[in-house]
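Subject: Structure for you to look at

Hello,

Here is the structure I said I would pass on. Please open it alongside this email and follow the notes below.

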Amino acid sequence: MKRNKLQSTAVLLLAFAMLLAGCGDKGQTSNNANQGSKDNGNGAAAVANLPKAIADKEQINVKVIRKIGGDDHTAQFLAGAKQEGEALGFKVDTFSANGNSAQFLDAIAQAGDTNADAVLLSHASDDGVVDAVQKLRDKGIEVVAFDSNPALAEIDGVTLTSQEDESLAQLALDQLVKEQGEEANIVYLWVDGFPPMVRRNVIYQDTLAKHPGLKEVERFGVANDNTAVDTQNAVAAMLNKHPKGEIDAIFATWDAFAIGAARALIEAGRTEIKIYGIDVSNADLQVMQEQDSPWVATAAVDAKMNGSINLRLIAKKLADEETPKTFDLPATLITQEQLNASSEPVNVVSLANIIEGWGSLDAFEEDWMKALKEAKGK
């Protein structure tokens with residue numbers, strides 16, 4: 001009887017020892033599996049080589065603040081930034097001031113007073129934005145600014161991005177001259193006070209100098225939350241002053257201008273006047289593909305991709321990785337002829353089927369970003 005008790009005790013001790021060994025092995029395996037990996041602290045699975053600055057932050061908050069608004073291009077830009085940020089596990093809040101400088105600057109100040117880790121600005125053209133951004137940087141908040149005051153690039157740690165505005169203007173104007181000739185009469189839709197418009201205007205003036213036969217008949221430009229309607233009314237009034245034969249083309253330096261101009265030409269039955277624009281959206285493509293549409297070409301960068309790339313720059317800054325002082329997104333010409341050659345209606349996504357490389361720029365997309373998106377199922 002005593003021997004049986006000793007045997008039972010030995011068996012229990014052996015089982016307990018094996019259990020302890022198993023737990024120890026399991027813990028060691030778990031530690032080895034996570035070697036070189038980090039959890040981003042907000043529910044994402046462990047990701048190999050995740051930058052420590054990202055991994056150590058429980059929640060990353062990004063504010064996207066755009067001065068202009070009310071147009072499809074703005075909606076796409078904000079959507080691209082928000083989608084990219086949320087795919088990385090960031091909390092992304094977006095705001096459009098619809099052209100109101102006071103609201104725009106107030107939104108920047110509020111971002112500095114809240115829990116923002118980074119701020120992405122768009123069309124920050126006001127002089128006051130330099131001081132506003134410097135205050136953000138003084139608080140350690142990362143900043144990327146798109147199509148904004150060039151002086152922002154002088155602030156330490158700020159990256160200034162833009163579309164290749166000179167290329168956008170050149171592509172559209174070259175197509176205009178190619179199709180309308182070197183002695184065309186032009187209506188110029190443009191507004192001063194915005195860095196991209198200033199750059200586009202330089203190319204326009206150079207083109208007029210290069211082709212002295214080109215004649216500017218009229219010009220108009222206003223940037224507000226009603227730009228397309230105001231432009232439509234202005235172009236309609238211009239048409240009343242200029243009968244057929246006096247205007248050959250319209251150069252629209254913003255798609256909100258082109259939308260308004262197209263509506264005016266269609267309603268007036270003046271589609272002999274052709275529009276050469278800048279920027280593109282689903283609404284723009286729909287107009288360009290309408291039967292007898294006067295909008296025959298536009299030079300553009302994918303606005304959604306634009307927002308995504310700017311957000312990646314934000315992510316690299318938050319990860320303490322090197323970023324450039326400036327970056328330009330390449331431009332592409334889209335013609336009505338290309339669109340009409342498609343057997344199906346074309347939108348900003350399916351543009352990739354007819355224009356090689358459209359919307360697929362992978363600039364600044366690091367391996368750790370791809371891994372983080374995959375871990376989060378994005």
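A residue is called buried when its relative accessible area is under 20%, exposed when that area is over 50%, and partly exposed in between, using a 1.4 Å probe and protein chains only. By that rule Gln-336, at 15% relative accessibility, counts as buried.

Before going further, note that this is a predicted model, in which local features need pLDDT of at least 70 and side-chain atom pairs count only at pLDDT 80 or more, while totals for chains, interfaces and linings use all residues. Residues are numbered from 1 along each chain as its sequence is written, and side-chain values use heavy atoms, with hydrogens and water left out.

**Gln-336 and Ser-148**

Helices (H or I, at least four residues) and strands (E, at least two) are DSSP runs, numbered from the N terminus. Gln-336 belongs to helix α12, residues 336–340. Its side chain makes a polar contact, 3.1 Å long, with the backbone oxygen of Ser-293. A polar contact is a pair of N or O atoms within 3.5 Å; within protein, one must be able to donate a hydrogen and the other to accept it, and residues adjacent in sequence count only if both atoms are side-chain atoms.

Ser-148 sits in the loop between β6 (142–146) and β7 (159–163). Ser-148 counts as buried because its relative accessibility is 2%. What does its side chain reach at 3.0 Å? The partner is the backbone nitrogen of Ala-124. A polar atom of the Ser-148 side chain also lies 2.8 Å from the backbone oxygen of Phe-146.

**Lys-325**

Lys-325 is in the loop between α11 (303–318) and β13 (326–329). With a relative accessible area of 38%, Lys-325 is partly exposed. Measuring from C-alpha to C-alpha in the model, Lys-325 and Val-158 are 6.7 Å apart in space, although 167 residues apart in sequence.

**Strand β8**

Strand β8 covers residues 185–189, and five of its five residues are buried, so the strand is largely enclosed by the rest of the structure. In a regular strand the side chains alternate between the two faces of the sheet. In β8 both faces are covered: Asn-185, Val-187 and Leu-189 are buried on one side, and Ile-186 and Tyr-188 on the other.

Two strands pair if DSSP finds at least two bridges between them. Which strands pair with β8? Strand β9 (residues 215–220) runs parallel to β8 and is joined to it by five bridges. Strand β10 (residues 249–252) is also parallel to β8, with four bridges. Tyr-188 stands opposite Arg-219 in β9 and opposite Phe-251 in β10.

β8, helix α7 (residues 195–210) and β9 form a right-handed β-α-β unit. Right-handed means that, with the strands pointing away from the viewer, the path from the first strand over the helix to the second runs clockwise.

**Cavities and pockets**

The search used a 1 Å grid over the protein atoms alone: a cavity is a set of points where a 1.4 Å probe fits but cannot get out, a pocket is an open set with protein on both sides within 12 Å along at least five of seven lines, and lining residues have an atom within 4 Å of a point. Grid points are joined across faces, edges and corners, and a volume is the space filled by probe spheres set on the points.

The whole structure has two cavities of 30 Å³ or more. The largest cavity holds about 150 Å³ of space. It is lined by 16 residues, and those nearest its centre are Ile-68, His-123, Pro-196, Met-197 and Trp-254. Helix α7 gives the largest share of this lining, three residues.

The largest pocket has a volume of about 220 Å³. It is lined by 19 residues, with Gly-70, Asp-71, Asp-72, Ala-228 and Ala-256 closest to its centre. α3 (72–87), α8 (227–241), α9 (255–268) and α10 (282–288) each supply at least two lining residues, and α9 gives the most, with four.

The second largest pocket contains about 170 Å³ of space. β3 (61–66), β4 (91–96) and α4 (101–113) each give two or more residues to its lining. The largest share, five residues, comes from α4.

Regards
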